[in-house]
Amino acid sequence: MTANRLAESLLALSQQDELVDLPKDCLLSGSEDEGDNDGEREHQKLLEAISSLDGKNRRKLAERSEASLKVSEFNVSSEGSGEKLVLADLLEPVKTSSSLATVKKQLNRVKSKKTVELPLNKEEIERARTPLEQEIFNLLHKNKQPVADPLLTPVEKASLQAMSLEEAKMRRAELQRARALQSYYEAKARREKKIKSKKYHKVVKKGKAKKALKEFEQLQKVNPAAALEELEKIEKARMMERMSLKHQNSGKWAKSKAIMAKYDLEARQAMQEQLAKNKELTQKLQVASESEEEEGGTEEVEELLVPDVVNEVQMNADGPNPWMLRSCTSDTKEAATQEDPEQLPEPEAHEVSESEGEERPVAEEEILLREFEERRSLRKRSELSQDAEPARSQETKDSSSQEVLSELRVLAQKLKENDQSRKQKASSKGTIPQVQREEPAPEEEEPLLLQRPERVQTLEELEELGKECFQNKELPRPVLEGQQSERTPNNRPDAPKEKKKKEQMIDLQNLLTTQSPSVKSLAVPTIEELEDEEERNQRQMIKEAFAGDDVIRDFLKEKREAVEASKPKDVDLTLPGWGEWGGVGLKPSAKKRRRFLIKAPEGPPRKDKNLTNVIINEKRNIHTAAHQVRVLPYPFTHHWQFERTIQTPIGSTWNTQRAFQKLTTPKVVTKPGHIINPIKAEDVGYRSSSRSDLSVIQRNPKRITTRHKKQLKKSSVD
Amino acid sequence: METAPKPGRDVPPKKDKLQTKRKKPRRYWEEETVPTRDGASPGPPCNKKNRELRPQRRKNAHILKKSRISKKPQVPKKPREWKNPESQRSLSGAQDPFPGPAPVSVEVVQKFCRIDKSRKLPRSKAKTRSRLEVAEAEEEETSIKAARSELLLAEEPGFLEGEDGEDTAKICQADIVEAVDIASAAKHFDLNLRQFGPYRLNYSRTGRHLAFGGRRGHVAALDWVTKKLMCEINVMEAVRDIRFLHSEALLAVAQNRWLHIYDNQGIELHCIRRCDRVTRLEFLPFHFLLATASETGFLTYLDVSVGKIVAALNARAGRLDVMSQNPYNAVIHLGHSNGTVSLWSPAMKEPLAKILCHRGGVRAVAVDSTGTYMATSGLDHQLKIFDLRGTYQPLSTRTLPHGAGHLAFSQRGLLVAGMGDVVNIWAGQGKASPPSLEQPYLTHRLSGPVHGLQFCPFEDVLGVGHSGGITSMLVPGAGEPNFDGLESNPYRSRKQRQEWEVKALLEKVPAELICLDPRALAKVDVISLEQGKKERIERLGYDPEAKSPFQPKPKQKGRSSTASLVKRKRKVMDEEHRDKVRQSLQQQQQQQQQQQQHKEVKAKSTGARPSALDRFVH
């Protein structure tokens with residue numbers, strides 16, 4: 001669930017990036033070609049595009065801020081007015097002459113008039129009179145064709161029924177997504193096409209060639225017939241090469257090299273290489289085994305071209321994580337820069353080629369993003385390094401580009417074709433797997449994280465991972481040794497930081513799997529007095545026996561369920577079909593649901609919130625509650641106050657005899673045999689309890705006023 | 001403990017004040033008799049008070065025990081330093097060197113105080129405050145009295161000390177028996193009963209009687225101190241467990257099929273068929289409940305005073321064969337095969353708590369007498385001690401070579417574990433500390449694998465049932481030296497027992513009061529209280545306890561004009577409003593501070609993590 005949401009948000013983000021980036025590119029190109037005016041306009045457009053991204057103010061009225069003398073027809077825009085500019089409007093005079101108005105009206109009236117159409121009687125239609133008509137009707141009935149002209153034919157209706165609304169929605173969403181992806185891809189291709197860097201194209205081509213070769217190899221194994229066709233194409237390329245005499249050292253560059261070759265070793269080598277290339281290309285290939293040789297050759301060439309550093313990196317980073325790969329390469333890049341700054345441009349270029357050449361079905365968005373960054377860095381680097389040794393870089397560029405060019409030509413074409421076909425497929429079919437293949441990037445992130453435990457290095461990451469695992473209903477991975485339960489005193493007291501962390505959450509795994517020191521006991525059970533090997537075997541066996549048993553996961557699951565069960569439930573008061581359409585398959589809108597959902601107040605935090613290995617039942621024990629005090633007695637206003645007064649036990653079990661007696665002395669004690677006189681009026685003056693008052697009142701018909709009471713008091717005192 | 005007898009050092013002056021403040025309840029007959037009594041009694045009024053403060057003889061202290069085991073000569077007790085204040089008025093006119101009541105140690109008094117004064121109360125009215133003061137004074141008084149009567153707990157626990165770093169675990173039973181007096185030596189014995197298989201055993205609450213049952217049907221009960229056999233029968237059925245009920249006169253035996261109850265003559269009194277296939281028994285003495293855990297996975301509570309089944313709870317965890325009770329709150333602990341220990345009360349259908357203790361199944365559980373620590377051992381060969389005071393975290397863990405199959409705590413917190421044919425005993429630093437598992441205190445090897453373990457109450461004796469019979473071994477410092485003669489008296493006569501039985505039945509605690517926190521009863525049921533308040537407000541239509549709005553007093557000389565009234569009202573309202581704003585501002589500030597702290601902590605923690613950008617810093 002969360003992963004999906006994440007994926008969506010990522011996708012949206014990348015889309016936004018795309019949108020922002022696209023106009024930028026346009027802007028760049030525009031500003032180069034046309035004047036400043038256009039640039040400004042496009043800038044405005046860009047700003048609008050960006051502001052419209054948030055979706056609130058889609059359309060902003062264009063306003064002309066200052067009057068300009070020169071009104072160019074190119075500057076006339078229809079935007080802002082909210083309607084299309086019609087050519088006829090432009091042709092019309094500003095003022096319409098009144099004399100023509102009447103004529104126009106008449107014309108319009110005539111135009112609007114239509115011939116009267118008498119509706120045919122329906123019965124007449126349905127009644128079949130002639131045998132021919134009957135036959136036709138029969139046929140129609142048989143084929144379930146409509147006799148009249150309804151909106152949908154029965155077949156169409158059936159098809160509509162076959163597909164539910166949800167399915168249709170899903171399908172539409174898929175199609176939309178596919179279209180969006182296609183458009184991104186197209187945009188990307190366009191942008192790439194516009195890149196002027198020769199080196200970049202060279203690298204791209206090389207990568208494509210490599211890929212094509214690989215594909216060819218695979219094809220050979222899978223589908224020999226198709227491979228043969230491919231072979232033919234390659235053959236054709238060779239023929240073209242032969243005809244064009246491209247690598248015959250007859251070009252401008254080759255001639256200059258030939259002059260230089262006398263003095264410069266490198267130039268000589270370059271020439272030789274080119275000649276070798278020529279030979280290679282013009283060689284006729286016949287057998288499949290030979291193609292392998294050729295491959296070897298190309299690989300050699302590659303190895304010559306590719307510096308060692310890159311190869312190393314490749315060897316190291318053959319994992320599935322592109323991010324890892326990137327960081328690795330950048331690291332090595334750094335190393336390379338430190339070692340010798342002269343070689344700087346080349347490894348970068350190759351890196352690009354790598355990333356391009358990968359072209360796995362990973363994520364195009366991802367690659368795009370990476371590419372942007374790389375290009376930026378490349379630009380910077382190249383700016384820096386241009387001064388260092390421009391000639392050399394130029395040379396390398398040229399040579400390499402010349403070499404691969406012919407190869408690439410064909411292969412690139414092929415690739416393009418493939419791409420197109422793929423695109424077409426995507427757009428036409430729009431099936432689910434295709435879509436999934438198109439954008440697995442955000443979804444892939446999590447599995448990647450999970451797959452690579454060595455990436456996890458810090459405690460926070462670990463914790464986060466743990467949380468994720470919680471969410472994914474997966475068992476937390478065994479964690480670093482250092483992160484041990486705080487409370488166990490036999491732990492190494494080495495990491496105070498970790499301890500702080502642990503207060504938040506106690507790791508279950510550690511709690512159960514800490515290596516506790518074994519007891520040294522003098523008397524060992526007799527069974528234990530066997531050989532050590534046997535003991536070890538036994539331990540092994542125990543370990544194996546418990547390997548499958550996932551006690552922890554079960555417990556965590558149970559706890560999660562308990563927590564869910566104890567949470568207060570929300571009350572949903574939505575009435576489906578109230579104020580909107582209802583029926584099977586229709587759900588009340590999210591807005592409505594949100595409005596009528598009464599959220600339960602969040603209860604107090606659970607007692608076992610931070611105790612992973614404990615489930616404490618939070619249910620109220622009503623049996624005990626029946627014995628508890630539920631009404632606060634008079635002078636107390638808060639239950640804490642009252643609780644404090646009943647905290648000391650008064651029973652003889654908890655007190656000494658004397659204290660018990662003292663605590664339990666009754667307020668009123670009657671002595672056996674002692675005469676208790678009835679209450680007199682004089683007594684009332686002292687004790688003004690309500691009951692005695694009542695009795696007095698009942699006895700005396702006179703009402704006792706306060707004055708009277710005072711008198712009574714006085715008399716009693718006397 | 002002992003404090004120098006300085007006059008009025010430990011007794012706070014406040015107490016005296018409070019005592020004088022608190023009047024003796026006036027009796028209606030006293031009014032007339034007071035003058036005559038005053039004339040009759042020769043002593044001054046202070047005399048009575050002094051007499052009151054004298055230590056009360058505690059009811060349980062009338063029997064002292066002699067047989068304490070110790071290798072060290074006991075330090076002779078200090079002579080009583082407190083003298084009777086009556087001597088102050090001796091004929092010779094000598095002055096009392098220690099006038100006033102005897103001082104009491106503050107720590108001891110603190111032990112008996114139960115009011116948690118750390119919690120700050122909301123502002124209370126004068127009347128409420130006076131009530132609270134009275135309650136506090138009462139508490140202080142009673143706790144001082146209790147502290148004074150500590151003096152009567154004359155017996156000290158036994159102990160075992162090695163000479164110059166000698167490991168006590170190396171001392172074998174024979175050495176101990178040699179060192180102690182004859183009476184104590186007689187407490188070490190072996191019963192050779194090889195015929196009827198491994199034995200389970202149980203001591204009665206007083207520690208005087210011992211019942212044991214062999215797996216092959218042998219059931220016997222005896223007064224193990226005098227070795228007088230009460231009964232011996234063979235039930236002709238496998239015996240899973242055996243337990244005394246509230247007194248030594250009744251015996252519950254979990255047999256292969258059903259639960260049977262015998263008396264001390266061996267006569268079968270009951271066969272309880274509703275408790276079938278019982279594997280473990282546990283008796284809760286204050287509730288008169290016999291808890292049975294069965295193979296079928298049911299935990300059944302049988303009220304033995306009325307013979308009714310109080311609750312039958314399905315633990316939903318398969319066969320139950322690990323059970324123990326928490327003597328502090330009468331909660332039953334069950335160990336399960338999935339490594340959890342669940343805590344049960346008859347009042348709840350679900351467990352009160354569930355603790356994941358081991359990776360493998362739980363083999364044994366034991367809870368100490370204060371209810372603070374729980375020891376568990378599992379199939380993963382680990383022995384753990386858990387804190388039961390709310391955190392349920394392991395305090396210490398040890399891996400045992402073979403894993404412990406049986407565990408038991410003594411009254412003073414010693415832990416014994418039976419592993420194969422060996423028992424290991426660990427001791428802690430004091431009574432309230434958990435046993436430290438680093439070094440065993442004692443070890444002993446038996447003639448067969450252990451099947452049952454229990455420390456004898458009030459004795460330094462551990463009873464071990466094994467396949468070769470019963471062994472009673474001496475463990476110095478295991479038992480509580482001072483017993484309450486009215487509660488569980490090992491030397492009581494038949495009459496005393498009957499008396500006690502009646503009283504105990506009268507004081508029986510209802511089964512539904514069992515919960516994790518036994519002091520919960522001393523708390524107000526807040527939920528019902530709030531609900532009641534709400535209902536009352538609904539019924540009345542207004543809140544009777546709400547603060548009434550301010551009404552300005554009428555004043556004279558034209559100052560009571562409407563405008564001034566309104567002004568005064570407004571002033572009060574504004575003041576209230578300002579208070580509210582101030583409070584909310586404070587809260588906000590606090591929140592911000594907390595957030596900042598959080599951020600700082602986070603920043604620190606993130607700072608510790610090596611960032612990808614770090615390499616650009618140099």
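Which residues touch the most other members of the largest nonpolar core? In this predicted model, local features require pLDDT of at least 70 and side-chain atom pairs pLDDT 80 or more, whereas totals for chains, interfaces and linings use all residues. Residues are numbered from 1 along each chain as its sequence is written, chains are lettered from A in the order in which they are written, and side-chain values use heavy atoms, without hydrogens and water.

The largest nonpolar core (buried Ala, Val, Leu, Ile, Met, Phe, Trp, Tyr and Cys residues joined through side-chain atoms within 4.5 Å) comprises 36 residues, of which B:Leu299, B:Tyr301, B:Ile332, B:Leu334 and B:Met374 touch the most other members. A second, separate core of 35 residues includes B:Phe189, B:Leu201, B:Trp224 and B:Phe455. Beyond its neighbours within four places in sequence, B:Leu299 is in contact (heavy atoms within 4.5 Å) with residues including B:Ala291, B:Leu313, B:Met323 and B:Trp344.

Chain B has 618 residues, 47% of them buried (under 20% relative accessible area, 1.4 Å probe, protein chains only). Its secondary structure consists of 10 helices and 28 strands (DSSP runs of H or I, at least four residues, and of E, at least two).

In chain A, the axes of helices α10 (residues 224-244) and α12 (residues 265-282) come within 8 Å and cross at roughly 130° (lines fitted to C-alpha atoms over the stretch in contact, with angles from 0 to 180 degrees between N-to-C directions). α10(A) is therefore oblique to α12(A) (neither under 35 nor over 145 degrees, nor 65 to 115). A:Arg238, A:Glu241 and A:Arg242 in α10(A) meet A:Asn278, A:Leu281 and A:Thr282 in α12(A).

Key. Buried means under 20% relative accessible area, exposed over 50%, partly exposed in between (1.4 Å probe, protein chains only).
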